[in-house]
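Work through the exercises below with the model open beside you. Try each task before reading its solution.

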Amino acid sequence: MTIGITTERISELVLNLKLPTVGTEAVNRFTKAGHVDALDSLLEVLEMEAEDRRQRRTARLRQASKLPAGKTWDNIRA
């Protein structure tokens, strides 16, 4: 990925993850320290965190719905 796309995606993720300090500091500090290559790794970790949070939220909402385990939209309409 190009540096512009990577930093843009990092900014989106930290905004969605509600990590304002990471959003304002991470890219600048990595760049100043000469670790621009590490931004790809940072992006990968942030994407993993976002996906993990999404999965936990889905599981939490499923459990709160108290629907039987096998219920799907297709079963409900049938």
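Two residues are in contact when they have heavy atoms within 4.5 Å of each other. The model used here is predicted.

**Exercise 1. Find which residues of helix 2 meet which residues of helix 3, and state how the two helices are arranged.**

Step 1. Apply the contact cut-off to the pair. On the helix 2 side the residues are Ala26, Val27, Phe30 and Thr31, and they meet Ala38, Leu39 and Leu42 of helix 3.

Step 2. Sort these residues by class. Six are nonpolar, one is polar and none is charged.

Step 3. Read the geometry. The axes of helix 2 and helix 3 are 10 Å apart, and the packing angle is about 155°.

Step 4. Compare the angle with the cut-off. Angles over 145 degrees count as roughly antiparallel, so helix 2 and helix 3 are roughly antiparallel to each other. Their crossing is right-handed.

**Exercise 2. Describe the packing of helix 1 against helix 3.**

Step 1. Take the axes. Those of helix 1 and helix 3 come within 10 Å and cross at roughly 30°. The crossing is left-handed.

Step 2. List the residues. Helix 1 contributes Ile3, Thr6, Thr7, Arg9, Ile10, Leu13 and Val14. Helix 3 contributes Leu39, Asp40, Leu42, Leu43, Leu46, Glu47 and Ala50.

Step 3. Sort them by class. This contact has nine nonpolar, two polar and three charged residues.

**Exercise 3. Which residues make up the largest nonpolar core, and which helix supplies the largest share?**

Step 1. Name the members. The core has 10 residues: Ile10, Leu13, Val14, Leu17, Ala26, Val27, Leu39, Leu42, Leu43 and Leu46.

Step 2. Assign them to helices. Helix 1 (3-16), helix 2 (20-32) and helix 3 (38-65) each give at least two residues to this core. The largest share is that of helix 3, with four residues.

Step 3. Follow one member. Beyond residues up to four places away in sequence, Ile10 touches Val27, Leu39, Leu42, Leu43 and Leu46.

Step 4. Relate this to a general tendency. In soluble globular proteins, nonpolar side chains tend to be buried together.

**Exercise 4. Are Leu42 and Thr6 buried or exposed?**

Step 1. Recall the cut-off. A residue is buried under 20% relative accessible area and exposed over 50%.

Step 2. Take Leu42, which lies in helix 3. Its relative accessible area is 16%, so Leu42 is buried. Not counting residues up to four places away in sequence, Leu42 touches Ile10, Ala26 and Phe30. Leu42 and Ile10 are 32 residues apart along the chain, and their C-alpha atoms are separated by 7.9 Å.

Step 3. Take Thr6, which lies in helix 1. With a relative accessible area of 1%, Thr6 is therefore buried. Leaving aside neighbours within four places in sequence, Thr6 is in contact with Met1, Leu39, Asp40 and Leu43.

**Exercise 5. Examine one residue from each of two loops, Lys18 and Asp37.**

Step 1. Place Lys18. It is in the loop between helix 1 and helix 2. Its relative accessible area is 69%, so Lys18 is exposed.

Step 2. Check the backbone of Lys18. Its phi is near 60°, a positive value in a residue other than glycine. Most residues other than glycine have a negative phi.

Step 3. Place Asp37. This residue is in the loop between helix 2 and helix 3. Asp37 has a relative accessible area of 69% and is therefore exposed.

Step 4. Compare sequence and space. Asp37 and Ile3 are 34 residues apart in sequence, and their C-alpha atoms are 8.8 Å apart.

Note on methods
Residues are numbered from 1 along each chain as its sequence is written. This is a predicted model: local features need pLDDT of at least 70, side-chain atom pairs count only at pLDDT 80 or more; totals for chains, interfaces and linings use all residues. Side-chain values use heavy atoms; hydrogens and water are left out. A nonpolar core is a set of buried Ala, Val, Leu, Ile, Met, Phe, Trp, Tyr and Cys residues joined through side-chain atoms within 4.5 Å. Buried means under 20% relative accessible area, exposed over 50%, partly exposed in between (1.4 Å probe, protein chains only). Axes are lines fitted to C-alpha atoms, for helices over the stretch in contact, and angles run from 0 to 180 degrees between N-to-C directions. Angles under 35 degrees count as roughly parallel, over 145 as roughly antiparallel, 65 to 115 as roughly perpendicular and the rest as oblique. A crossing is left-handed if the near helix is turned anticlockwise from the far one by less than a right angle, and right-handed if clockwise. Ala, Val, Leu, Ile, Met, Phe, Trp, Tyr, Cys and Pro count as nonpolar, Asp, Glu, Lys and Arg as charged, and the others, Gly among them, as polar.
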